[in-house]
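Got your viewer open and a selection box ready? Let's take a walk through this one, stop by stop.

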Number of protein chains: 2
Amino acid sequence: MSDLRIAVSALHSFCCDALQAANVPPEDARLVADSLAQADARGLNSHGVVRLLPIYTQRLRAGTTRARPRICIERQRGAVTVVDGDAGMGQVTGTFAMRTAIDLARGIGAGIVGVRNSSHFGFGAMYVEQAVAAGMIGVALTNAPSNMPPWGGRTPYFGTNPIAVGIPCGQERPIILDMSTSVVARGKIVMAQKKGESIPPDWAIDVDGQPTTDAAAALAGAVLPFGGYKGSGLALLVDVLSGVLTGAAFGLHIINLYDEGERTQNLGHFFVALDPSSFLPAGDFEARMDQFVREVRCQPRMPDVDRIYLPGEIEFEQAEESARSGVVLPDAGVTELDQLAIELGIRPLQARAGV
Amino acid sequence: MSDLRIAVSALHSFCCDALQAANVPPEDARLVADSLAQADARGLNSHGVVRLLPIYTQRLRAGTTRARPRICIERQRGAVTVVDGDAGMGQVTGTFAMRTAIDLARGIGAGIVGVRNSSHFGFGAMYVEQAVAAGMIGVALTNAPSNMPPWGGRTPYFGTNPIAVGIPCGQERPIILDMSTSVVARGKIVMAQKKGESIPPDWAIDVDGQPTTDAAAALAGAVLPFGGYKGSGLALLVDVLSGVLTGAAFGLHIINLYDEGERTQNLGHFFVALDPSSFLPAGDFEARMDQFVREVRCQPRMPDVDRIYLPGEIEFEQAEESARSGVVLPDAGVTELDQLAIELGIRPLQARAGV
């Protein structure tokens, strides 16, 4: 049996059904399905359905991620709000928090929202695109279970703590920078392990602190920060803003998505929305961004480079291709989803339209 | 003649005198002297007296940096302020802008201040320490004259656009992350050239896009971002926030500090101050930071590592050492400062107390 090509809409409806079977309200299920199916559509299978839906539903059924959380505003002062996610799904709490930040920014130019007591929030681009859709610059940070040493260290303390920033343009597509502070997202090593592939030697170290190309050894050891001590410093910063500042867990105290099914994760997130019209007359920022993007794109290229991509462009184009042709899922992943469908009593992926 | 050891206080008074001779008011001269002498004291000679004082005074005397600018608030809405620096010294405008951000944060939890029409602002740690001294988390960004290609490009578009973040702790020293988005600050390549030293091959490319170890060829070519496309994405982000958003110049449009003495630089900066007591009960954040710092410091180390440093620790300790023993300046640099003293009619460095 070869890898299957699945329509994005089929993936999406499968996620919705699975999450609703795990007691998630329809509207929330749709949000999480958007996150997982869009990640696959963009080629980010480290944040896609195969990797995340089984563990999400497992935690939901165990109650360690709450299907129907009581998300509440803990503190509100001026430009700052702190949200308690009540151990709900990160996508649900994150979307609520970014909406809160956007509302603040509409009123006073900027909104900063910290989130505690949350769970894995999927790919970060989703939240900054929410800001961009409202004409705002958006920032989304989250901490993550520890798998990266501090600089000079040998064992994990930080997560791969990602940084996402979205910037609206006028005629041009928005800039969407979404990156982990590790060399690669840990999910890519998980996917390599699932596919039985080896990994490059600069991605991770084993438990003895030695570089390794073995995905399993890397997952038992630690991933490395991108760009050496500078990437490590950024990972630290993300944990301070997402975890220490919000009242969430940080560093070693964050519960792993996979290994500790009995406890809630207590992840923290940090969201910013910034209204460009507080800085410049309405429309000026977007016009200046168009100029900026066009100038960057037209710079002289390295000999082996066909095109200069702005952050997010590759993923947007991949999503368009996926909308036309569907998403290719590894055979092993589809088998896992079939098993999940049986467990949850929902229609299997292959039985859906557009497969 | 060997390299000279100079007292930090002598360096500081020399800067004050030089800047006042160039018509800078005493209080502003002291701020800029703080920046230059502190940079040298911390071992950041890329932002120190030898590299910057001659060009600063040259521009001041030419009027392309204004000794007595009329700094003004262009826009103010809620949490956001935009400052026009009137082509004054970056340190003067930057300190004003961060003070404005701190005042905003005192009132409404967060303050965000964009600056246009500014000049080189020295090392970024200075501003975030200003926030930390007020009990705030501080962020300071600036764009810079182009010397780094966009990812995939061969010729400069972005500057080495640095990121500085300061985080207050309780008992522990604050965390001060201050880094360029290039592999190294361009100033380090300038210093290598002044000392006649070669540079590592991963720092820069020559005009043909080839890696080079020759400092002069690197300065004629382009420096490279740290961490590949991720560092490049951060450099882009810093230019958007500092330049595009504030109404300052960006990318290729920024005037170089050294090469174009007839025009003002029109640099942009971006400052954030964030009050931790908007997120957590007073004192909680600082106590949690102490725990975080102590945990990071005690993680198991790589075999060849004696100690895990938090961002800023090396520089703080170097500054303490310099306060005791003075700063070593290269002979060629001292000669340049002697020449400057003659031009400006001020007392030479070696004639000052503590040399």
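Before you zoom in, know that this is a predicted model. Let's begin with the rings: over all chains, the structure holds 17 aromatic pairs.

**Stop 1: a ring pair across two chains**

Select Phe250(A) and Phe292(B). Their ring centres are 5.7 Å apart and their planes meet at 75°, an edge-to-face pair. Which parts of the structure does this pair bring together? Phe250(A) sits in the loop between α8 (229–244) and β10 (267–274) of chain A, while Phe292(B) belongs to helix α9 (residues 284–297) of chain B, so the pair joins two chains. Are these two residues buried or exposed? Both Phe250(A) and Phe292(B) are buried.

Now add Tyr157(A) and Phe158(A) to your selection. Together with Phe250(A) and Phe292(B), they form a cluster linked by ring pairs.

Next, hop over to chain B and pick Tyr157(B) and Phe158(B). With 5.4 Å between the ring centres and 80° between the planes, this pair is edge-to-face, since planes over 60 degrees apart count that way. Tyr157(B) has 0% relative accessibility, so it counts as buried. Phe158(B) counts as buried too, at 1% relative accessibility.

**Stop 2: a serine with prolines and aromatics around it**

Keep Phe158(B) on screen and select Ser232(B), which is in helix α8 of chain B. What does Ser232(B) touch, apart from its neighbours within four places in sequence? The contacts are Pro149(B), Pro150(B), Trp151(B), Phe158(B), Pro225(B) and Phe226(B). With 5% relative accessibility, Ser232(B) is buried.

**Stop 3: helix α6 of chain B**

Stay in chain B and select helix α6, residues 186–195. Colour Arg186(B), Gly187(B), Ile189(B), Val190(B), Met191(B) and Ala192(B): these are buried. Which elements do they pack against? In chain B, the buried residues of α6(B) meet α3 (49–62), β8 (204–205), α7 (215–220) and β9 (222–223). Just after the helix, click on Gly196(B), which has a positive phi near 70°.

**Stop 4: two asparagines with positive phi**

Here's a bit of backbone background. Most residues other than glycine have a negative phi. Now select Asn266(B), which is not a glycine but has a positive phi of about 55°. You'll find Asn266(B) in the loop between α8 (229–244) and β10 (267–274) of chain B. With a relative accessible area of 23%, Asn266(B) is partly exposed.

Back in chain A, try Asn117(A), where phi is near 55°, again a positive value in a residue other than glycine. Where is Asn117(A)? It lies in strand β4 (residues 110–118) of chain A. At 19% relative accessibility, Asn117(A) counts as buried, because the cut-off for that is under 20%.

**Stop 5: Val50(A) in helix α3**

Select helix α3 of chain A, residues 49–62, and pick out Val50(A) within it. Its relative accessible area is 4%, so Val50(A) is buried. Leave out residues up to four places away in sequence, and Val50(A) touches Asp40(A), Lys194(A), Leu329(A), Gly333(A), Glu336(A) and Leu337(A). If you like using the distance tool, try Val50(A) to Gly124(A): they are 74 residues apart in sequence, with 18 Å between their C-alpha atoms.

**Stop 6: Thr95(A) in helix α4**

Move on to helix α4 of chain A (residues 90–108) and select Thr95(A). Thr95(A) is buried, at 8% relative accessibility. Setting aside neighbours within four places in sequence, Thr95(A) is in contact with Leu31(A), Gly90(A), Met126(A), Tyr127(A) and Gln130(A). Another pair for the distance tool is Thr95(A) and Pro162(A), 67 residues apart in sequence and 17 Å apart, C-alpha to C-alpha.

**Last stop: zoom out to all of chain A**

Show chain A as a cartoon. How many helices and strands does chain A have? There are eleven helices and eleven strands. The radius of gyration of chain A is 20 Å, close to the 20 Å from the globule rule for 355 residues, so chain A is as compact as a globular protein of that length. Its C-alpha trace spans about 55 × 55 × 50 Å along the principal axes.

Of the 355 residues in chain A, 62% count as buried. Switch on the surface and you're looking at about 12,700 Å² of accessible area for chain A, 50% of it from carbon and sulfur atoms. Finally, colour by charge: chain A has 30 positive and 38 negative side chains, and the centres of the two sets are 4 Å apart.

Note on methods
Residues numbered from 1 in each chain as written. Chains lettered and ligands numbered in written order. Heavy atoms only, no water. Helix = DSSP H or I, 4+ residues; strand = E, 2+ residues; numbered from the N terminus. Rg over C-alpha atoms; globule rule 2.2 N^0.38 Å. Buried < 20%, exposed > 50% of the residue type's maximum accessible area, 1.4 Å probe, protein only. Areas by Shrake-Rupley, 256 points an atom, 1.4 Å probe, with all protein chains shown as cover. Lys, Arg positive; Asp, Glu negative; His and termini not counted. Charge placed at Lys NZ, Arg CZ, Asp CG, Glu CD. Phe/Tyr/Trp six-rings, centres within 6.5 Å; stacked < 30°, edge-to-face > 60°. Contact = heavy atoms within 4.5 Å.
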